[in-house]
Amino acid sequence: MNRRSFFRRTLAGSAGLTLAGTPWWEAAAQLVNTPVLRDIRGVGLDDPELVELSINENPLGSSRRAIEAVASRMFGMNRYPFHNQIEQALATHHDIPEETILTGVGSSEILSLLVTASYFDRAGNTVTASPSYPDVPRKTEALGREVRRVPLTNDFSLDLDAMLDAIDSETRIVFVCNPNNPTGQLLAADELRRFAERVPSDVVLCVDEAYIHFVDDPDYPSAIALAQERENVLVTRTFSKAYGLGGIRVGYGIASPELVQQLARFGFGQLNKNTLSIAAALGALEDPEHVTRSVEVVREGKQYLYDQLEALGYEPLRTQTIFVTVDVGDTLETFLSLLRERKVKVRQAFEMDGYMRVSVGLPPENEVFVDEFRKVAGR
Ligand SMILES: Cc1ncc(COP(=O)(O)O)c(C=O)c1O
């Protein structure tokens, strides 16, 4: 369906629905103000008009297997999840020992445990790229510890040499988001390996692989192999992105059994799980086709966004994630609020001045974003 026929259809459809019984002046206002009449219906959103592209959710929703698994467990909500089925399933999935896996309430919990375990009884600093995913640095600062932010290179890559230089005897954590949020850039695997070899063994190297499924090269190696070889490497993974389970809150870390134990001391143990989230994650793991489909939808959506933004004279970064990042200049704030008024939610690419981050949606959502973006940009 092309954009014009999509708009014609949604305008006609929702006008028919909305205008009946409406005072004429409101009806007239609605007719001229077409964005308010749109019926986009992104999966899982309560507001049928909202185009939610600000928090990197899977536009396809969850796997049917996950939904069925939740439905089949819903009469068991009285039962505590005192079992390790998800750890066992993940161990099989990655072909690694179960004691190298720590599950969390999203990968956010693992990142949080890392910071707590690193700083609860000592000072120190965290080294991170900037801009990058801000969770670990924010939590470090919340505990009153120092953060060393190392700027990216001119081509938006992580500057691994400069990050190594920033490490000193007080460094506890080096945080590497790969592919990076909000730039979407991926490190060369051999560069990351060389970096890991040079990070001192008493510093935890955390590699956040939240977006690893969206990497272009299907043979790109995960850092999980590094985490199996080196006692100080922690890899974080999530069910929130490619598996479409952001709302169900399951993530995990992979590290040496010693590091897993150190982090686990500060968690809730098995009580950080819930019966339904574990069911969903187990269901999702059994449905690799959903991940493949999600990756495909995101790839096509990104290509559409690149083409449209370029046609409008912008230069979006080519990303290996679930979002597109584009420089819109110093009117970014106005851009964001005008889009928000038009029910399109996107955000600033963290601390990147002038850069907008747009999560990929379903094709109609992407089309509405482009249409409203064009109007706001006046092009
Ligand atoms: C790079 C990165 N890491 C971690 C997370 C946290 O995800 P969750 O706690 O849902 O696993 C996100 C969420 O957007 C992210 O972008």
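Which helix gives the largest share of the shell around the ligand? Keep in mind, while selecting, that this is a predicted model. Select helix 5, residues 106–119, and the answer is on screen, for this helix supplies three residues of the shell, the largest share.

**The ligand**

Widen the selection to the 13 residues around the ligand, and colour Gly106, Ser107, Ser108, Thr238 and Ser240, which come nearest to it. Sorted by class, the shell holds nine polar residues, three nonpolar ones and one that is charged.

**The seven-stranded sheet**

Next, show the strands in the order 2-8-7-6-5-3-4, which form an open sheet of seven with mixed pairing. At its edges lie strand 2 (101–104) and strand 4 (146–151), each of which pairs on one side only, and from one strand to the next the twist averages 20°. Within this sheet, zoom in on strand 5 and strand 6 (residues 204–208), which run parallel and are joined by five bridges; here Val174 can be picked out opposite Leu205 of strand 6. Then add helix 4 (residues 85–94), which packs on the sheet and touches both strand 2 and strand 8 (251–254), with its direction at about 130° to that of strand 2.

**The three-stranded sheet**

Move on to the open sheet in which three strands follow the order 9-12-11 with antiparallel pairing. Strand 9 (323–327) and strand 11 (347–348) each have a single partner strand and stand at the edges, so one side of each has no neighbour in the sheet. Two bridges pair strand 11 with strand 12 (residues 355–359) in the antiparallel sense, and selecting Gln348 brings up Met356 of strand 12 opposite.

**Two helix pairs**

Select helix 12 (residues 288–311) together with helix 14 (residues 363–377), whose axes come within 10 Å and cross at roughly 15°. At that angle helix 12 is roughly parallel to helix 14, and the crossing of the two is right-handed. To see the contact, display Gly301, Tyr304, Leu305 and Gln308 from helix 12, which meet Pro363, Asn366 and Val370 from helix 14; four of the residues in this contact are nonpolar and three are polar, while none is charged.

Now turn to helix 3 (residues 64–73) and helix 11 (residues 275–285), where the axes come within 7 Å and cross at roughly 145°, again with a right-handed crossing. On the side of helix 3, the residues to display are Arg65, Ala66, Glu68, Ala69, Val70 and Arg73, and these meet Thr275, Leu276, Ala279, Ala280, Leu282, Gly283 and Ala284 of helix 11. This contact divides into eight nonpolar, two polar and three charged residues.

**Backbone details in the loops**

For the last stops, switch to a view of the backbone. Most residues other than glycine have a negative phi, and most peptide bonds are trans. In the loop between strand 3 (125–130) and helix 6 (135–142), select Pro131, where the peptide bond from Ser130 is cis, with omega near 5°. A cis peptide bond also joins Asn181 to Pro182, with omega of about 25°, and Pro182 is found in the loop between strand 5 (171–177) and helix 8 (189–198). Finally, go to the loop between helix 2 (24–32) and strand 1 (51–52) and select Arg41, which has a positive phi of about 55° although it is not a glycine.

How values were computed
Residues are numbered from 1 along each chain as its sequence is written. This is a predicted model: local features need pLDDT of at least 70, side-chain atom pairs count only at pLDDT 80 or more; totals for chains, interfaces and linings use all residues. A residue is near a molecule or strand if its C-beta atom, placed from the backbone, lies within 6 Å of it. Helices (H or I, at least four residues) and strands (E, at least two) are DSSP runs, numbered from the N terminus. Ala, Val, Leu, Ile, Met, Phe, Trp, Tyr, Cys and Pro count as nonpolar, Asp, Glu, Lys and Arg as charged, and the others, Gly among them, as polar. Two strands pair if DSSP finds at least two bridges between them. Axes are lines fitted to C-alpha atoms, for helices over the stretch in contact, and angles run from 0 to 180 degrees between N-to-C directions. Angles under 35 degrees count as roughly parallel, over 145 as roughly antiparallel, 65 to 115 as roughly perpendicular and the rest as oblique. A crossing is left-handed if the near helix is turned anticlockwise from the far one by less than a right angle, and right-handed if clockwise. Two residues are in contact if their C-beta atoms, placed from the backbone, lie within 7 Å.
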